[in-house]
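User: Please take a close look at one part of this model, a place where two elements meet. Describe the contact first, then set it against the rest of the chain.

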Amino acid sequence: MGAVAGGDAQEGAAAAAPLDPGLPLPRGAGSPAASQDKLFLIKGGIFLGTVATAGMIAGFGTTLAMTKKKNPDWFSKGITATAALPESGSSLALRALGWGSLYAWCGVGLLSFAIWKALGVHSMKEFQTKMQSIFPAIPKNSESAVEWEDLLKSK
């Protein structure tokens, strides 16, 4: 009985020992840790989206308020179309935003496609390994200061 109790004590000590934080835990697709990670990522995305939206609304509202305060006559003329201004400022701004967004999306897509084809990769894993071979590694420790010369050196 003493050997059994001693064996249980050793197992309990091994289970209570802290895990090495540098080693990742094995996580299967159905494990609770994997679902917690996914939930954490979803919550993080919702938080970042909310903060970005609030920032855009605050910036747009502040800009509108400053414009109205600076020159209320021109502000009211820009809201509705008149004989002097055949298109209202808001419709002109929306049209410019639409074209600008279209050009930005198409430009980034074209640039990404050109880089993808120039590298000759066929999957995201290949792209990742290719980028890791081209660009310098990012140091994992936060204590050391990063020198620009070291980062900008080619491999």
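Analyst: In this predicted model, helix 4 meets helix 5 through Ile115, Trp116 and Leu119 on the helix 4 side. The partners in helix 5 are Met124, Phe127, Lys130, Met131 and Ile134. Helix 4 covers residues 89-119 and helix 5 covers residues 124-134. Their axes lie 11 Å apart, and the packing angle is about 80°. Angles of 65 to 115 degrees count as roughly perpendicular, so helix 4 and helix 5 fall in that class.

The loop between helix 4 and helix 5 contains Gly120. With a relative accessible area of 44%, Gly120 is partly exposed, because that class lies between the 20% limit for buried and the 50% limit for exposed. Gly120 can also be related to the helix contact by distance: its C-alpha atom is 9.5 Å from that of Lys130, a residue 10 positions away along the chain. Lys130 is itself one of the helix 5 residues that meet helix 4.

As for the rest of the chain, there are six helices and zero strands, and the order from the N terminus is α-α-α-α-α-α. Of the contacts with a separation of 6 or more, 0% are between residues 24 or more positions apart. The chain has 155 residues, and buried residues make up 3% of them. The exposed area of the chain is about 13600 Å², with 70% of it supplied by carbon and sulfur atoms.

Helix 2 offers a local example of nonpolar surface. This helix spans residues 32-70 and includes Leu48. Together with Phe47 and Val51, Leu48 makes a nonpolar surface patch of about 330 Å². Leu48 has 57% relative accessibility and therefore counts as exposed, the cut-off for that class being over 50%.

Methods: Residues are numbered from 1 along each chain as its sequence is written. This is a predicted model: local features need pLDDT of at least 70, side-chain atom pairs count only at pLDDT 80 or more; totals for chains, interfaces and linings use all residues. Side-chain values use heavy atoms; hydrogens and water are left out. Patches are made of residues with over 30% relative accessible area and no salt bridge: like charges are joined within 9 Å, nonpolar side chains (Val, Leu, Ile, Met, Phe, Trp, Tyr) within 5 Å. Accessible areas come from the Shrake-Rupley method with a 1.4 Å probe; for residues, only the protein chains shown count as cover. A salt bridge is a side-chain nitrogen of Lys or Arg within 4 Å of a carboxyl oxygen of Asp or Glu. Helices (H or I, at least four residues) and strands (E, at least two) are DSSP runs, numbered from the N terminus. Buried means under 20% relative accessible area, exposed over 50%, partly exposed in between (1.4 Å probe, protein chains only). Axes are lines fitted to C-alpha atoms, for helices over the stretch in contact, and angles run from 0 to 180 degrees between N-to-C directions. Angles under 35 degrees count as roughly parallel, over 145 as roughly antiparallel, 65 to 115 as roughly perpendicular and the rest as oblique. Contact means heavy atoms within 4.5 Å.
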